[in-house]
Amino acid sequence: MNDYRFIEPETMTPLARLLDGLSTEMLTIRSALPNAIPAISTTLTEIASSSQRTAAFIRAKAALMDPHSQWRAAPPVIAPTWDTPNGLGALIDSNRTAVGVEMRRVAGQLNRLSSFGIRSGRRHDSLRRDYGILAELSGMDLIHFEIDTSTAFGSRSGSAGYRAGVWIGPHDANHVLVMIPGMSTSTESWLSSNVPDAADLQNLAANLANSHGRGTVAVVPLLAYEPPRSALDAPLGRFWREGAEETVQALAPLDLAGRHVVGWGHSYGAAVLGATSALSGRFDDLVMVGAAGTGTESLEALGVGSDH
């Protein structure tokens with residue numbers, strides 16, 4: 001579902017229609033099985049929601065690629081949010097379910113190795129590391145979870161490439177800060193450093209906002225792209241261009257309408273943030289720390305105004 005970027009433009013609209021049809025069929029089947037096993041009902045809902053979101057992104061990408069399009073940035077296509085009244089909670093539950101499924105898969109592979117007497121070595125250690133990451137993620141409010149075993153990001157340590165985003169703070173927060181990390185960030189370093197830092201920042205910002213009567217604050221540390229592994233990789237523009245598209249996709253299910261949304265990017269993450277802002281128009285303010293660039297050809301292209 002994430003390979004829509006490589007679809008030929010002339011096939012995008014038919015494919016989007018096909019995904020719409022798939023979503024409708026899944027919801028119809030779910031409605032026809034009122035007494036179905038909860039896991040089946042949940043799976044049907046997840047397929048329907050994923051199809052809706054992907055169809056919306058394909059339409060947005062098609063509009064961007066249209067040479068006659070009036071849009072200089074992403075067109076105003078709003079990806080469908082959740083089809084339950086639980087909003088953010090439904091998205092979090094869905095991602096936790098996905099983490100649980102992956103944990104069972106990894107545990108099964110570990111058990112299989114153990115059955116052959118293999119309790120050490122690169123493969124065993126890699127699976128143990130993956131299981132530890134998943135166990136930590138399973139207790140968080142995940143707004144994004146993705147498995148990518150095809151990139152250098154995933155193969156660097158021999159582990160699966162887990163990308164994730166965590167919502168820290170009240171679900172109905174008035175202010176939302178999205179944090180994008182920089183070069184050489186791995187899932188492990190993100191969990192051990194970025195997420196705790198985000199929690200500290202949320203606590204500090206929440207106290208300040210409360211003392212000044214400015215509402216509530218949530219912080220979302222988000223690792224949705226493949227960071228460059230070193231300064232040798234950093235000049236390759238594909239990291240921030242693809243990173244922006246992947247970050248836009250990760251943020252799509254979040255209903256942020258009516259909230260003050262701030263993007264925060266560090267180092268190479270600042271370039272990804274800038275490109276994400278230009279592509280999506282979802283940020284009100286941008287903060288770039290130790291920036292490796294803006295990810296755009298001009299400050300005006302960031303889409304937030306010079307005073308933001």
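In which sense, left-handed or right-handed, do helix 4 and helix 6 cross? The structure is a predicted model, in which local features need pLDDT of at least 70 and side-chain atom pairs count only at pLDDT 80 or more, whereas totals for chains, interfaces and linings use all residues. Residues are numbered from 1 along each chain as its sequence is written, and side-chain values use heavy atoms, with hydrogens and water left out.

The crossing of helix 4 and helix 6 is left-handed, a term applied where the near helix is turned anticlockwise from the far one by less than a right angle. The axes of helix 4 (residues 122-137) and helix 6 (residues 187-211) come within 10 Å and cross at roughly 40 degrees, the axes being lines fitted to C-alpha atoms, for helices over the stretch in contact, with angles running from 0 to 180 degrees between N-to-C directions. The two helices are therefore oblique to each other, that is, neither roughly parallel (under 35 degrees), roughly antiparallel (over 145) nor roughly perpendicular (65 to 115). Arg129, Ile133, Glu136 and Leu137 in helix 4 meet Thr187, Glu188, Trp190 and Leu191 in helix 6, contact being defined as heavy atoms within 4.5 Å.

An open sheet of six strands, with mixed pairing, follows the order 1-2-4-3-5-6, where two strands pair if DSSP finds at least two bridges between them. Its edges are formed by strand 1 and strand 6 (285-289), each of which pairs on one side only, and neighbouring strands are turned by 15 degrees against each other on average, direction ignored. Helix 6 also packs on this sheet, touching strand 2, strand 3 (175-180) and strand 4 (217-223), and its direction makes about 165 degrees with that of strand 4. Strand 1 and strand 2 (residues 161-166) are joined in the antiparallel sense over six bridges; Asp148 stands opposite Gly161, and Leu142 has Val166 as its bridge partner. Six of the seven residues of strand 1 (residues 142-148) are buried (under 20% relative accessible area, 1.4 Å probe, protein chains only), so strand 1 is largely enclosed by the rest of the structure. Helix 3 (residues 88-115) lies across strand 1 and strand 2, running at about 35 degrees to strand 1.

Helix 8 (residues 268-280) is likewise largely enclosed by the rest of the structure, because eleven of its 13 residues are buried, among them Tyr268, Val272, Leu273 and Thr276. From its first C-alpha to its last, helix 8 reaches 18 Å, close to the 18 Å expected at 1.5 Å a residue, and just after this helix Gly281 takes a positive phi of about 65 degrees.

Methods. Buried means under 20% relative accessible area, exposed over 50%, partly exposed in between (1.4 Å probe, protein chains only). Helices (H or I, at least four residues) and strands (E, at least two) are DSSP runs, numbered from the N terminus. The expected span of a helix is 1.5 Å times one less than its number of residues.
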